[in-house]
Amino acid sequence: MRKDSELPQATMEWGWRYHHIGVPTSRKMPGERYIAHLKFYVSGFPESPVGVEWMRFEPDCPLPDLIQNTTHVAFEVDDLDLELKRHDFKILAPPNPPSDGVRVAMVEINGAPVELMEFTV
């Protein structure tokens with residue numbers, strides 16, 4: 001059992017690095033960028049000193065409801081495919097490129113959505 005003062009297993013043992021927290025919203029936010037193949041907008045990350053990213057979804061967004069309605073935490077990993085093989089996570093969104101130089105996958109851990117990110121540049 002992990003103590004309150006101990007960091008999560010994902011950072012201590014697996015080497016994952018915190019990247020951002022994604023917060024669903026229905027409000028149009030300043031500086032939105034559209035991710036066409038997933039039908040949603042992201043904003044806020046470049047201006048946030050702690051990595052808050054806002055996510056606004058189109059009505060026909062193909063992502064599961066858990067992603068669209070629940071805040072997620074995102075971690076940078078060195079090898080996305082290896083991490084998906086190492087762990088028996090439920091995959092909510094398979095690896096895909098939301099923008100140049102990055103691949104992401106959304107998984108479910110303990111009932112919560114978690115984004116894993118691999119940067120290729």
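Let's start with the second largest pocket, which has a volume of about 220 Å³ in this predicted model. Who lines this pocket? From the N-terminal end of the numbering there are Arg2, Pro8, Gln9, Ala10, Trp14 and Trp16, and then come Val73, Phe75, Phe89, Ile109, Asn110 and Val114. Two elements give two or more residues to this lining: the helix α1, residues 9-12, and the strand β5, residues 72-76. By class, the lining has nine nonpolar residues, two polar ones and one charged one.

Keep Val73 and Val114 in mind, please, as both appear in that lining. They also face each other in the sheet, with Val73 standing opposite Val114 in β8. The strands β5 and β8 run parallel, and four bridges join them.

That brings me to the sheet itself. It is an open sheet of eight strands, and if you trace across it you read β2-β3-β4-β1-β5-β8-β7-β6, with mixed pairing. Which strands sit at the edges? They are β2 and β6, each of which pairs on one side only. Ignoring direction, neighbouring strands are turned by 30° against each other on average.

Let's walk in from the β2 edge. β2 and β3 run antiparallel and are joined by three bridges. They form a hairpin with four residues between them, and Lys39 in the turn has a positive phi of about 60°. Within this pair, Arg33 has Val42 in β3 as its bridge partner. On the next step, β3 and β4 are antiparallel too, with four bridges between them, and there Ser43 stands opposite Trp54 in β4.

Please take a moment to look at β3, because it is covered on both faces: Phe40 and Val42 on one side, and Tyr41 and Ser43 on the other, are all buried, where buried means under 20% relative accessible area.

Now for the largest pocket, with a volume of about 470 Å³. Its lining counts 29 residues, and the ones nearest its centre are Arg33, Ile35, Val42, Glu53 and Met117. So here we meet the bridge partners Arg33 and Val42 again. The elements that give two or more residues to this lining are β1 (17-24), β2 (33-35), β3 (40-43), β4 (52-57), β6 (90-99), β7 (102-109) and β8 (112-119). Which strand gives the most? That would be β6, with four residues. As for chemistry, the lining divides into 17 nonpolar, eight polar and four charged residues.

I'd like to finish with two buried side chains and their polar contacts. First, His87, in the loop between α3 (80-86) and β6. Is His87 buried or exposed? With a relative accessible area of 14%, His87 is buried, because the cut-off for buried is under 20%. The side chain of His87 has a partner in that of Glu83, through a polar contact of 3.1 Å.

The second is Glu118, which has its place in strand β8. Glu118 is buried as well, at a relative accessible area of 10%. What lies 3.0 Å from a polar atom of its side chain? It is a backbone atom this time, the nitrogen of Leu80.

So if you open the model after this, try β3 with its two covered faces, and then follow the sheet from the edge strand β2 across to the other edge, β6. Thanks, everyone, and I'm happy to take questions.

Note on methods: Residues numbered from 1 in each chain as written. Predicted model: local features only at pLDDT ≥ 70, side-chain atom pairs only at ≥ 80, totals over all residues. Heavy atoms only, no water. 1 Å grid on protein atoms, 1.4 Å probe; cavity = no way out; pocket = protein on both sides within 12 Å on 5 of 7 lines; lining within 4 Å. Points joined across faces, edges and corners; volume = space filled by probe spheres on them. Nonpolar A, V, L, I, M, F, W, Y, C, P; charged D, E, K, R; others polar. Pairing = 2+ DSSP bridges. Axes fitted to C-alpha atoms, helices over the stretch in contact; angles between N-to-C directions. Buried < 20%, exposed > 50% of the residue type's maximum accessible area, 1.4 Å probe, protein only. Polar contact = N/O pair within 3.5 Å; in protein donor to acceptor, adjacent residues only side chain to side chain.
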